[in-house]
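Subject: The structure I promised you

Hi,

Here is the structure we talked about, with my notes underneath. Have it open while you read.

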Amino acid sequence: MDATTNKTATLTVGNNTYDLPILTGTVGPDVVDIGKLYAQSGLFTYDPGFTSTASCQSKITYIDGDAGVLEYRGYPIEQLAQQGDFLETCYLLLYGELPTKEQKEDFDLRITRHTMVHEQMARFFQGFRRDAHPMAVMVASVGALAAFYHDSTDINDPKQRMIASMRMIAKIPTLAAMAYKYSIGQPFMFPKNSLSFAGNFIHMCFAVPCEEYKVNPVLAAALDKIFTLHADHEQNASTSTVRIAGSSGANPFACIAAGIACLWGPAHGGANEAALQMLKEIGSVENIPEFITKVKDKNSSVRLMGFGHRVYKNYDPRAKIMQQVCHEVLAETGHHGDPLLKVAMELEKIALSDQYFIDRKLYPNVDFYSGITLKAMGFPTDMFTVLFAVARTVGWISQWSEMIEDPQQKIGRPRQLFTGAAKREYVPIDKRG
Ligand code: CMC
């Protein structure tokens, strides 16, 4: 269903009034359409951080932050994570409907057939320092895919768009595993098409060519759920970055590389790394009260990482599933006595009953438990955001495709409230001082 409009808002500025259409979607708040406001009134709107601004119409993901609801194409995240698998979610996000059995088999096959990367990519990796952060390697190598796959960079050709999409969903895990292998000086492992998407990723990360490696099915199932939980999240910072980059007509590989760059920040995808670091710094349950005092101190910049969210003002629905996955993984890997888990659980309990957090509606987000889980699976901290990027690739691509196909699509070009110097005359250098 497209947006409908049968109401208007009236803006009064001095003696002038402007009628602004109100658009209604399927669910969620209505929006005031200000697209013609500047032409009519000479006024811009001002909304740093876009806290009250809908940047596009979308049919992909719906979040009700107050109720703690997340749905992909109308399906609750809990049902998709518990009953489906990640590739099914990928199909759903890309095509809009759950696949039939035949469609699913065909899709799985198409993804697994594209997992290998151009052999020259391996040489491209040799240029990086061994201690490079794998997110730096990801930004560069995903951007470089455009140099290897010229035949899928024409954004006006729907067939090429779909080939580029399939290539990225399939190959970005391979690049991610290569980034990890390179950092520890081990040979790259080729993808194994007989394994599941998550199982293959685990294999590419942890197997070595000289030994048989059996993927632990409990860990593969857990990683699959983690990927599903992170697959899309509406118009978040990295997705908006992908849309803005794509709005200029840039090729899809460049757009996804831009999304990865944005995801790297600690307020976004880097939060699980930061949350684990924080748990390590707290160290033990006795140190929690002192840490909470620091978090609440207006003069300190310490934040409770893995807590709070721009949209969720309730328990992040992904965090609930993540907590459960965390317990499953820790039990399977024998880490259930991990002191960091104890600190996390106690910290969560204290924060949820503390007035500071209650007043600000700060609840655990998906990253609160994902760091401990990924650590127990054997991933080093600097790979956490990389795993997030692997999962989010399908969301970025689906949003990018939706934008390209949107007849209302325009280059993203915000305006500003200028507060710098007004026009002044140039002063030659010998007359300045
Ligand atoms: N710890 C302590 N105080 C906090 C926190 C926190 N994690 N988050 C927000 N606040 C306080 C903040 O100090 C402010 O207080 P006051 O009103 O007294 O000044 C109030 O809550 C509102 O904060 P804000 O910064 O205006 O909120 P925001 O919507 O701009 O920020 C956020 C959202 C996610 C950037 C922020 O909550 C945060 O920095 N959290 C920690 C980082 C984190 O876990 N990020 C992962 C997000 S989920 C994964 C993803 O989507 O990438």
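Let's start with the ligand: by class, its shell has nine nonpolar, six polar and five charged residues. (Nonpolar means Ala, Val, Leu, Ile, Met, Phe, Trp, Tyr, Cys and Pro; charged means Asp, Glu, Lys and Arg; the others, Gly among them, are polar.) Before you go on, note that this is a predicted model, where local features need pLDDT of at least 70 and side-chain atom pairs count only at pLDDT 80 or more, while totals for chains, interfaces and linings use all residues. Residues are numbered from 1 along each chain as its sequence is written, and side-chain values use heavy atoms, with hydrogens and water left out.

In total, 20 residues surround the ligand, each with a heavy atom within 4 Å of it. His268, Lys298, Arg303, Leu304 and Gly306 are the closest. For polar contacts, look for pairs of N or O atoms within 3.5 Å. One ligand nitrogen sits 2.8 Å from a polar backbone atom of Leu304. A ligand nitrogen is also 3.1 Å from an N or O atom in the side chain of Tyr356, and a ligand oxygen is 2.9 Å from one in the side chain of Asn365. On its own the ligand exposes 940 Å², and the protein buries 75% of that (Shrake-Rupley areas, 1.4 Å probe).

Next, have a look at the small-numbered strands. Strands are DSSP runs of at least two residues, helices (H or I) of at least four, both numbered from the N terminus. An open sheet of three strands runs in the order E4-E5-E6 with antiparallel pairing; strands pair if DSSP finds at least two bridges between them. E4 (residues 61-64) and E5 (residues 69-72) are joined by four bridges, and Thr61 has Tyr72 as its bridge partner. Tyr72 also stands opposite Tyr75 in E6.

Which side chains of E4 are buried? Thr61 and Ile63, which point to one face, whereas Tyr62 and Asp64 point to the other and are not buried. (Buried is under 20% relative accessible area, exposed over 50%, partly exposed in between, with a 1.4 Å probe and protein chains only.)

Finally, there are 15 salt bridges, meaning a side-chain nitrogen of Lys or Arg within 4 Å of a carboxyl oxygen of Asp or Glu. One of them links Glu405 and Arg161, with the closest N and O atoms 3.4 Å apart. Glu405 is in helix H18 and Arg161 in helix H7, so this pair ties together parts 244 residues apart in sequence. Glu405 is exposed at 53%, but Arg161 is buried at 10%.

Cheers

Definitions and conventions: A polar contact is a pair of N or O atoms within 3.5 Å; within protein, one must be able to donate a hydrogen and the other to accept it, and residues adjacent in sequence count only if both atoms are side-chain atoms.
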